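Colleague: I should like to go through this model with you before I consider it further. May I put some questions to you about it?

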Amino acid sequence: MAKSLRSKWKRKCRAIKRVRYGEKELTRLKKTLGIDENAPIDTEMKEIQDIATVTSAAAIKESKNVKENETENVENEKMDDGTARIYNKKTMRDQYGNYPVWMNHRKIVKHKKGRAKTQKATTKKDKRLTRKDKKKIKD
């Protein structure tokens with residue numbers, strides 16, 4: 001199937017495109033790196049310090065530790081006003097009967113339908129009394 005005339009032609013066109021786009025990509029890459037087009041090919045790159053900032057691993061670890069300490073302090077300073085919501089795993093609702101914020105409306109509706117079915121299944125229906133049951137009640 002891969003050797004039809006159409007696929008051969010498409011493959012040929014893709015090869016031509018690859019060459020054309022490769023040239024464009026190369027020029028764009030040189031432009032972003034700041035390599036001069038008119039300069040000879042063996043030009044050395046500028047010092048890396050001019051292009052990028054170099055930091056040691058120890059400095060990065062220190063800054064990370066400092067940020068973690070700051071976030072811990074902020075967490076400790078938060079006021080606990082006792083309004084933490086306690087969610088029931090079975091009903092997915094909090095103590096006020098509200099669903100969680102992250103739960104979308106469709107899922108809430110679906111959950112309500114399922115809850116209604118389980119409630120209906122657990123409640124016993126009033127059965128009609130059979131003749132035997134009626135006799136037992138009379139006796």
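Colleague: How many residues has α1, and what distance does α1 reach from its first C-alpha to its last?

Modeller: This is a predicted model, and helix α1 (residues 5-33) has the highest mean pLDDT among the elements of the protein chain, 92. At 1.5 Å a residue, a span of 42 Å is expected for α1, and the helix comes close to that value. Just after α1, G34 takes a positive phi of about 85 degrees. The helix thus has 29 residues and reaches 42 Å.

Colleague: Which helix has the lowest mean pLDDT among the elements of the protein chain?

Modeller: The chain as a whole has a mean pLDDT of 81, with 78% of its residues at 70 or more. Where pLDDT is low, the predicted coordinates should not be read in detail. The lowest mean among the elements, 64, belongs to residues 48-51, that is, helix α2.

Colleague: Which side chains meet in a salt bridge?

Modeller: Searching the whole structure yields one salt bridge. One partner is buried, because its relative accessible area of 7% is under 20%. The other is partly exposed at 44% relative accessibility. With 2.5 Å from N to O, the pair is D94 and R85.

Colleague: What volume has the second largest pocket?

Modeller: Its lining includes K90, T91, H111 and R115. By class, that lining holds five polar and two charged residues, and no nonpolar ones. The space in this second largest pocket is about 160 Å³.

Terms used. Residues are numbered from 1 along each chain as its sequence is written. This is a predicted model: local features need pLDDT of at least 70, side-chain atom pairs count only at pLDDT 80 or more; totals for chains, interfaces and linings use all residues. Side-chain values use heavy atoms; hydrogens and water are left out. On a 1 Å grid over the protein atoms alone, a cavity is a set of points where a 1.4 Å probe fits but cannot get out, and a pocket is an open set with protein on both sides within 12 Å along at least five of seven lines; lining residues have an atom within 4 Å of a point. Grid points are joined across faces, edges and corners, and a volume is the space filled by probe spheres set on the points. Ala, Val, Leu, Ile, Met, Phe, Trp, Tyr, Cys and Pro count as nonpolar, Asp, Glu, Lys and Arg as charged, and the others, Gly among them, as polar. pLDDT is the predictor's confidence in each residue, from 0 to 100. Helices (H or I, at least four residues) and strands (E, at least two) are DSSP runs, numbered from the N terminus. The expected span of a helix is 1.5 Å times one less than its number of residues. A salt bridge is a side-chain nitrogen of Lys or Arg within 4 Å of a carboxyl oxygen of Asp or Glu. Buried means under 20% relative accessible area, exposed over 50%, partly exposed in between (1.4 Å probe, protein chains only).
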